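Student: Could you take me on a close look at the largest pocket, and at what surrounds it? I'm new here, so please spell out the terms as you go.

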Amino acid sequence: MKLKLALAAAATLCLGIAAASAAGEPQVVRQDMMKKVGGAMGALGAIAKGEKPFDAEVIKASLSTMAEVGKTFPDQFPAGSEVGLETEASPKIWEDMEGFKAKSAALVTVAEAQLAAMPTDQASVGAMMKTVGGTCGDCHQTFRLKK
């Protein structure tokens, strides 16, 4: 019985160490960053569709998240992180890092411009989403692998 408990504890420890080491991997960090952007877009989409009421604080937080992610996102693509951990990053990122950085900077610019203009109602949130979403889509078309 003690042997089973010891083996179970050892297995749990190994899994915990593997998860902790994977959490610091660039692929995991950038996937988490994209999940934040996806969550922000989802929150904006819910407002634009009328599923959630207009909320200026949610809009500010969402656009701020996108701007912040855009500022540091390219830093999460060091050499050697092209594969592994189910990455959807296209090899084109490493072939054209300057172009990739420019696309990320465009997200920052668009998000900050929308923050400065700040949508005032549901319709303007929808229009803003088209602008921001276009920037996201432009980068994904070039630098994300198709599933």
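Tutor: Let's start with the pocket's walls: H2 gives the largest share of the lining of the largest pocket, eight residues. Helices here are DSSP runs of H or I with at least four residues, strands are runs of E with at least two, and both are numbered from the N terminus. Keep in mind that this is a predicted model, where local features need pLDDT of at least 70, side-chain atom pairs count only at pLDDT 80 or more, and totals for chains, interfaces and linings use all residues. Residues are numbered from 1 along each chain as its sequence is written, and side-chain values use heavy atoms, with hydrogens and water left out.

Back to the pocket. The elements that give two or more residues to its lining are H2, H5 and H6. The lining has 26 residues, and Arg30, Met34, Phe73, His140 and Arg144 are the ones nearest the centre. By type, the lining divides into twelve nonpolar, eight polar and six charged residues. (Ala, Val, Leu, Ile, Met, Phe, Trp, Tyr, Cys and Pro count as nonpolar, Asp, Glu, Lys and Arg as charged, and the others, Gly among them, as polar.) The volume of this pocket is about 620 Å³. A pocket, on a 1 Å grid over the protein atoms alone, is an open set of points where a 1.4 Å probe fits, with protein on both sides within 12 Å along at least five of seven lines; lining residues have an atom within 4 Å of a point. Points are joined across faces, edges and corners, and the volume is the space filled by probe spheres set on them.

Now take Arg30, one of the residues nearest the pocket's centre. Thr87 touches Arg30, along with Gln27, Gln31, Glu82 and Leu145, leaving aside residues up to four places away in sequence; a contact means heavy atoms within 4.5 Å. Thr87 sits in the loop between H3 and helix H4 (92–95). Thr87 counts as buried because its relative accessibility is 17%, where buried means under 20% relative accessible area, exposed over 50%, and partly exposed in between (1.4 Å probe, protein chains only). Thr87 and Gln31 are 56 residues apart in sequence, yet 7.9 Å apart in space, C-alpha to C-alpha.

Phe73 is also on that central list, and it leads us to Phe100. Phe100 touches Phe73, Pro74, Phe77, Ile93, Cys139 and Phe143, not counting residues up to four places away in sequence. Phe100 is also among the residues with the most contacts inside the largest nonpolar core, a set of 27 residues. Such a core is made of buried Ala, Val, Leu, Ile, Met, Phe, Trp, Tyr and Cys residues joined through side-chain atoms within 4.5 Å. Helices H2 (26–48), H3 (56–72), H5 (97–117) and H6 (122–143) each supply at least two of its residues, and H6 has the largest share with seven.

What about Cys139, which Phe100 touches? Cys139 is buried, with a relative accessible area of 14%. The whole structure has zero disulfides, a disulfide being a pair of cysteine sulfur atoms within 2.5 Å. Cys136 makes no such bond because its closest cysteine sulfur, in Cys139, is 8.1 Å away, too far.
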